[in-house]
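The following exercises concern confidence, empty space and aromatic contacts in a protein model. Each task is followed by a worked solution.

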Amino acid sequence: MPRSFEELSPQNFSFNSPLGWCPACEGLGTELGTNQSAIVANPNLSLRAGAISAWPRPSSSPAFAAILNALGEQFDIPLDQPWYQLPPRQQRLVLQGTGDRWVSVKFPGTARPISVQFKGIYPAIEEASRVSYPYRMKLQDLMGEKPCSVCHGDRMREDAAAVRLNDKTLPSLCGLPLNEVLDYLKSLQLDKGQQKIAGDLLNEAIHRLSFLIDVGLHYLTLNRGMPTLSGGESQRIRLAGQIGRALTGVLYVLDEPTIGLHPRDNGRLVQALEKLRDLGNTVVLVEHDREVLEAADRLYDFGPGSGRFGGTITAEGTPQELKRNPRGSLTGEYLSGQKSIPIPLHRRMRLLDESSGPIDDPANVKEAYHPAPGGGWLEMTGCRQNNLRDVELRIPLGTLTCITGLSGSGKSSLIQETLARAVSRYLRRQGPAPGPYDTLSGVDQISRVIAVDQQPLGATPASNPATYTGVFDPIRELFSKLPDSKIRGFKPGRFSFNRAGGRCEDCEGLGQKKIEMHFLPDVWVECDTCHGKRYNLETLAVKYKGHSIADVLEMSIGQALEVFDNIPKIRAPLATLAAIGLEYLTLGQSATTLSGGEAQRVKLAAELAKPNTGRTLYLLDEPTTGLHFDDISKLLKVLNSLVEQGNTAVVIEHNLDVIKTADWIVDLGPEAGIGGGWIVATGTPEDVVTQAQRVHGGPTNGKKRRTKKTVDFVAEQRFRSWTGELLAPILEQDERQELDLFDVAAAAKKKKGDIDIAAVGRQTAAPWQTDGRKWHTETRISRNGKECRWEGSALGWVVDQLAEFDGLKPANWNDQARVEITAEKKAGTGWFFHALTGDEWLLRLSFRVPKGTFNEAELQRKIRLKSVNDLDELPIYNRSDRVRVSQQKGAFQEVVIDVHWLEEIETTEFRQFLKQASSAYLGQVEKTGQSIEDLAPWKVLGRKWHISRKGFPSAKRVAWKAEVLEDLFGVLDDAFARLQPDWSNKTMVAYRISSSKETVAELQTKRRDALYLTLYSKTGQFALGQIASLGKHREITPHRSGQDAIKIELTTAAQVKAKELKAFLKEFVDAVT
């Protein structure tokens, strides 16, 4: 049926306009469904080369290769053309299928062709997802955003998207890299009529594209979403736009425009900035890059330190002036060479034969070097995410490894989108799907993977360096041990500004109040109640060396280190923060006010200060962003300190000062976008330089070549290492020194004069220890820090009444919030009377008596106490009955009575109750000849008790079958034959070494969700990767004994009977016995 079309205007070609966007997706180009990026792993590859990750490899599957060849022949699909260059019709045929048409395929080894129907990738996945639950789980990673089913990702209305210019539609042009778009536009030949219409437009487009390419963005495509760009890429796009406008008399301010830019492209950026200047504009940059600084007309250096120690212009002048006279200028000292970041004197990775040249075959890398410090290599093969060319990644464990290459060469695709996700999935069995790859090995030597970025520590003022590093916990514990805290009954929670009780309730411990401005950003103002102190007056009254808890939060880290220098538990994390140059930060400084570099170093310091078992993989993406030379030196100090503890640090980086200090380099390239994706060089910095010189020419430092083959021009361009070429002069010029490290263990080690937090306040006896009766009846303080309002004489009267009964011990007053009376005879019956004195309004009296002694209803009639809701004198409501009887496990029931006034209980009925309760309790004591604990079923029945379905904490269904525990005991009997089991605990079976009685394993048998097996080993002896396939969940955490606690959660018989579990348990026993 013929169609008519309206005349198109420029607005009809814009997907940001209702006149031009696709009506289905409104210009977004996507909808929820099968994620094309998970199917088309690398659009730069052809179908024959493996662009479709959901398909078998044609090179390794002859049958599928036959189907692919038949599709190509019968539907005219070019199999050797990159996916992104295929016309939309042919892409749709691959994704949606051939419909009802049959394809004639001649399979290898068959005489006749066979007709098959090609359903297409999307329909096949949709049909497979309906088959069964396991199939749905396998295919879940393929679901996400997919191209719009109407416009197929073009974003534009149908008629506008079909318009062609020399056989190119606008959507297909937008999908090309910028350098290819520029080449295409330059190749257009316009006649005179066309020149009048489009000549100026074409020149303007070429002009603007040239600027984008000049600032190093040639690898981007025109349809790339802005949220996916780095900060540096966004700034350079705006910069190119400004150059294209050719304005004059404008002040341009740029903040770190070199972010994400390889040193090779810095010159392009400098030239673009000089063009802006030469147009008559003023360009002001906040920058740390050496090349940009040296190209500036004038420098202003701020200092002399960071944070509160900065804010002053310490030097100004041309770069040459600062180099000649760097006095007082930290930047000048680095530019002049007076200060520098040294190259390590010894690298952790060394060639076995130092006289040999670069390695031609990457597969031989491991054999050419001494063993990796971490005991192995982390290897991935067949990495194909985005523009990666089926590369093989090898990282020596226990080293500082730099991933280098031009912007857009595939670094983030390789590390962030493939390696990090794959390792995380292996260890945690969850997380986002990694990019396509073939094999992953060496991960069994890793326990954790942590990405350390420059994101803020938190989004509110509640987060600060003290809370993030954990040093605030021992500080709060210290304050709770002080005599003033003991008198008031303050616990560590009292000194938390995140919990009610000690904090200022008006600002909820933030020290600031948020004023919502509706259509404007929210404004934070100082709290007018606590004046920014965060705490109430009662909490601020407790002081250590004259400092309140609020004073401590306002101290700089350097000041706090002096105050707490004799307390190792606090000194260690503070010394770590100070050692990496953060001594100027205050402990309570809001996380939102920290720069990205400061936040990153706080995170690294927190990792360094933790009890470290090694075997952690740290991933950092351009950590030097926004950092000065001196800050980079401090960052390298903490990174190398982490590596010295047995960890591995993998850093994506462009800064040559970091790259030159690395133990290992993996360089990607040689270009960006479709021109990249290969690993062009790998090895130590010296080896990468030698490889670059071998390929591109230049000295080889006297090293022999490993090959006599002639390197042709194509191979030279493919394997050219720009990083190696730029690194060569730096390795020749810069000095070499031993690594600067920080030893956390030395800072935490006890020295003369140190005190333990637990010992603080011991020399001062608490008031309940000197005169317990007076404390509990006269001077007591409630849990909330306020004076108790109930009559203390009521407690004294009850205790005096009980003292008249023979067989009861005198009351024990020596506890802060409890008074206890027990029997004189030790029969294992436990306490008889507890008085809980920590409530502000009510004294709680508890009595333990044999079951059946009292009936709650009858007792309430005898002891008539009004509900607190009916007492106008007490400002408390909705409390439970004041006389209660509850049945306890075992032979006892508990009677609880809440009292406020003495007159409520100074009655005949209450005296009778005391007499009856004490008589019943003492009678039970006389009957019991053996300790009740010894008669407990778990001690009598042992193994049978643990297998039984009794003793679980609640009435909910147990998630695992009883047979699972029986099978597990069978496995443990075999694996733990040399260990002695202890069945006498109610909920846990302990396994001990017979000779030393040391507990090396525990099995929790009475938890409803799973069986929990915990194994104790030396720190770092086992890695999480070794147990990643065991049980339902598993983890390795530091234990209070100083060992590693290996926790395995088991729920099914298959998990218990797994060969891997049996093998690991035997390996564990051999290691600990």
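The exercises below refer to this predicted model.

**Exercise 1.** Determine which helix has the lowest mean pLDDT and which the highest.

*Solution.* Begin with the chain as a whole: its average pLDDT is 86, and 93% of the residues score at least 70. Next, turn to the elements: helix α28 (residues 713–718) has the lowest mean, 45, whereas helix α33 (residues 792–802) has the highest, 95. Finally, inspect residues 699–717, where the pLDDT is below 50. Beyond near neighbours in sequence, this stretch has 28 contacts in the model.

**Exercise 2.** Describe the second largest pocket by its volume, its lining and the elements that supply the lining.

*Solution.* The volume is about 1600 Å³. The lining comprises 41 residues; Leu170, Leu173, Leu185, Ala205 and Leu222 lie nearest the centre of the pocket. By class, the lining residues are 26 nonpolar, 10 polar and 5 charged. Strands β5 (164–165) and β6 (168–169) each supply at least two of them, as do helices α7 (170–174), α8 (178–187), α9 (192–214) and α10 (231–245). Helix α9 gives the most, with 9 residues.

**Exercise 3.** State how many cavities of 30 Å³ or more the structure contains, and characterise the second largest cavity.

*Solution.* The search of the whole structure yields 2 such cavities. The second largest has a volume of about 40 Å³. Its lining includes His262, Gly405, Leu406 and Arg720. Two or more lining residues come from each of β21 (664–669) and α29 (722–733). The lining divides into 4 nonpolar, 4 polar and 2 charged residues.

**Exercise 4.** Classify the ring pair of phenylalanine 497 and tyrosine 535, and explain why the pair ties together parts that are apart in sequence.

*Solution.* This is one of 25 aromatic pairs in the structure. The ring centres of phenylalanine 497 and tyrosine 535 are 6.4 Å apart and the planes stand at 70 degrees, an edge-to-face arrangement. Phenylalanine 497 belongs to the loop between α19 (483–488) and β17 (512–515), and tyrosine 535 to the loop between β18 (523–526) and α20 (537–540); the pair therefore ties together parts 38 residues apart in sequence. For burial, the cut-off is under 20% relative accessible area. Phenylalanine 497, at 1%, is therefore buried, and tyrosine 535, at 2%, is buried.

**Exercise 5.** Classify the ring pair of phenylalanine 976 and tyrosine 991.

*Solution.* The centres of these rings lie 5.1 Å apart with the planes at 70 degrees, so the pair is edge-to-face. Phenylalanine 976 sits in the loop between α38 (962–975) and β29 (979–982), and tyrosine 991 in strand β30 (residues 988–993), 15 residues apart. Both phenylalanine 976 and tyrosine 991 are buried.

Terms used
Residues are numbered from 1 along each chain as its sequence is written. This is a predicted model: local features need pLDDT of at least 70, side-chain atom pairs count only at pLDDT 80 or more; totals for chains, interfaces and linings use all residues. Side-chain values use heavy atoms; hydrogens and water are left out. On a 1 Å grid over the protein atoms alone, a cavity is a set of points where a 1.4 Å probe fits but cannot get out, and a pocket is an open set with protein on both sides within 12 Å along at least five of seven lines; lining residues have an atom within 4 Å of a point. Grid points are joined across faces, edges and corners, and a volume is the space filled by probe spheres set on the points. Helices (H or I, at least four residues) and strands (E, at least two) are DSSP runs, numbered from the N terminus. Ala, Val, Leu, Ile, Met, Phe, Trp, Tyr, Cys and Pro count as nonpolar, Asp, Glu, Lys and Arg as charged, and the others, Gly among them, as polar. pLDDT is the predictor's confidence in each residue, from 0 to 100. Contact means heavy atoms within 4.5 Å. Rings of Phe, Tyr and Trp (its six-membered ring) pair if their centres lie within 6.5 Å; planes under 30 degrees apart count as stacked, over 60 as edge-to-face and the rest as tilted. Buried means under 20% relative accessible area, exposed over 50%, partly exposed in between (1.4 Å probe, protein chains only).
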